[in-house]
Amino acid sequence: MDPYYWESAHGNFGDDLNLWLWDFLIPGFRDVRPETLLVGVGTVLNRALLPEGRHKLVLGSGFGYGSLPDMSNSAEWDIRCVRGPLTAQKVGVDPKLGIIDPAVMVAEMPEFKDLPKKYKKSFVPHWESAIAGMWPTICQTVGLHYIDPRGEAKDVIREIAQSELIVAESMHGAILADAFRVPWVAVTTSNSINSFKWNDWAHTVGVVYRPRHIPVSSRAEAIIKGAKFWGVDFDAHQPALDDPNKRQIDESVMLAARDPKQTSLRVAAKQLLAAPSTLSLWQATRATPQLSADHALAERKERFLDVIAAVRRDYF
């Protein structure tokens with residue numbers, strides 16, 4: 001059995017954790033059923049992503065982009081659970097199968113247990129924000145630890161677990177924070193953030209997705225996201241993408257976003273232009289954070305483990 005995951009050319013820890021999470025949850029799964037593709041963490045229930053003609057075992061995946069594949073053929077699809085009730089409704093399965101995002105199970109891995117706290121407050125941006133934003137500098141200004149979502153997945157997860165508060169634009173930044181019982185505040189910098197998938201997960205643990213808006217931090221970030229920056233609308237520069245889950249930042253967009261050679265004056269000007277972003281992020285650190293109830297998270301994890309136990313009985 002092979003694990004499927006969406007691989008960003010820039011790196012994204014929420015997808016990359018599929019490379020090792022399933023070895024912990026289902027030891028030996030790679031040695032059985034070579035015809036089966038394990039479809040796990042990620043917004044990957046998408047006609048453009050998953051191959052036709054191969055048997056697929058769905059464990060906690062979500063919908064959110066593009067169009068669903070035809071999942072009516074039980075000989076090709078074994079849907080044991082999906083990320084949440086919104087995905088279950090889209091797929092047309094029992095809402096009870098919308099259990100949880102499997103990423104929460106990372107907190108059960110021994111290597112992530114009882115980690116000491118090292119960071120008072122941390123910020124985890126969306127991977128698009130990390131590409132061209134001023135966020136490391138802004139975080140330094142407002143006293144936040146910056147966590148780059150493009151980093152090695154285990155390193156990113158440790159930094160989340162070792163924080164006392166997480167400000168998250170990355171959905172899996174919030175999911176992992178919640179799993180490690182770290183209070184979190186949701187923020188968003190653009191309309192490209194997918195609220196469907198956030199709400200899909202939020203419903204499973206009884207929290208509400210109401211992100212605080214933070215302006216994009218630079219001209220380069222605005223170009224990549226097709227957003228406004230200081231009144232200038234860069235939407236015309238954004239390439240048409242039918243499937244954001246497959247998006248890779250277009251080279252022409254990156255070229256347009258690339259700044260000229262940096263000088264001290266230019267750096268100072270960029271920091272001044274990022275002042276609205278700086279203020280908004282600072283305000284987010286003082287907002288009332290969220291955290292799901294212990295019993296709500298525990299109940300969902302127990303249900304997911306029941307699914308895993310059934311998979312072991314049926315596939316081994």
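Colleague: Looking just after helix α7, what sign of phi does Arg-181 take?

Modeller: Just after α7, Arg-181 takes a positive phi of about 65 degrees, and I should say at once that this is a value from a predicted model.

Colleague: What makes you describe helix α7 as mostly covered?

Modeller: The helix spans residues 171-179, and 9 of its 9 residues are buried, where buried means under 20% relative accessible area. Among them are Met-171, His-172, Ile-175, Leu-176 and Asp-178.

Colleague: Why is helix α5 called oblique to helix α12?

Modeller: Helix α5 (residues 135-142) and helix α12 (residues 275-284) pack at an angle of about 55 degrees, with their axes 10 Å apart. Angles under 35 degrees count as roughly parallel and those from 65 to 115 as roughly perpendicular, so an angle of about 55 degrees makes α5 oblique to α12. As for handedness, α5 passes α12 in a right-handed crossing.

Colleague: Which residues make that contact, and how do they divide by class?

Modeller: From α5 the contact draws on Trp-135, Ile-138, Cys-139, Thr-141 and Val-142, and from α12 on Ser-277, Thr-278, Leu-281 and Trp-282; by class this gives 6 nonpolar, 3 polar and no charged residues.

Colleague: How do you know whether Ser-277 of α12 is buried or exposed?

Modeller: Its relative accessible area is 0%, and since the cut-off for buried is under 20%, Ser-277 is buried. Leaving aside neighbours within four places in sequence, Ser-277 is in contact with Trp-135 and Ile-138, and also with Ile-214, Pro-215, Val-216 and Ser-217.

Colleague: Why is Pro-51 called partly exposed?

Modeller: Pro-51 has 35% relative accessibility, whereas buried would need under 20% and exposed over 50%, so Pro-51 falls in between and counts as partly exposed. This residue lies in the loop between β2 (36-39) and β3 (55-61), where, not counting residues up to four places away in sequence, Pro-51 touches Leu-37, Lys-56 and Glu-76. Pro-51 and Val-41 are 10 residues apart in sequence and 17 Å apart in space, C-alpha to C-alpha.

Colleague: What is the predictor's confidence across the protein, and where does pLDDT stay under 50?

Modeller: The mean pLDDT of the protein is 90, and 91% of its residues reach 70 or more, but pLDDT stays under 50 over residues 236-248. The model does have 34 contacts beyond four places in sequence for that stretch; still, where pLDDT is low, the predicted coordinates should not be read in detail.

Conventions: Residues are numbered from 1 along each chain as its sequence is written. This is a predicted model: local features need pLDDT of at least 70, side-chain atom pairs count only at pLDDT 80 or more; totals for chains, interfaces and linings use all residues. Side-chain values use heavy atoms; hydrogens and water are left out. Buried means under 20% relative accessible area, exposed over 50%, partly exposed in between (1.4 Å probe, protein chains only). Helices (H or I, at least four residues) and strands (E, at least two) are DSSP runs, numbered from the N terminus. Axes are lines fitted to C-alpha atoms, for helices over the stretch in contact, and angles run from 0 to 180 degrees between N-to-C directions. Angles under 35 degrees count as roughly parallel, over 145 as roughly antiparallel, 65 to 115 as roughly perpendicular and the rest as oblique. A crossing is left-handed if the near helix is turned anticlockwise from the far one by less than a right angle, and right-handed if clockwise. Contact means heavy atoms within 4.5 Å. Ala, Val, Leu, Ile, Met, Phe, Trp, Tyr, Cys and Pro count as nonpolar, Asp, Glu, Lys and Arg as charged, and the others, Gly among them, as polar. pLDDT is the predictor's confidence in each residue, from 0 to 100.
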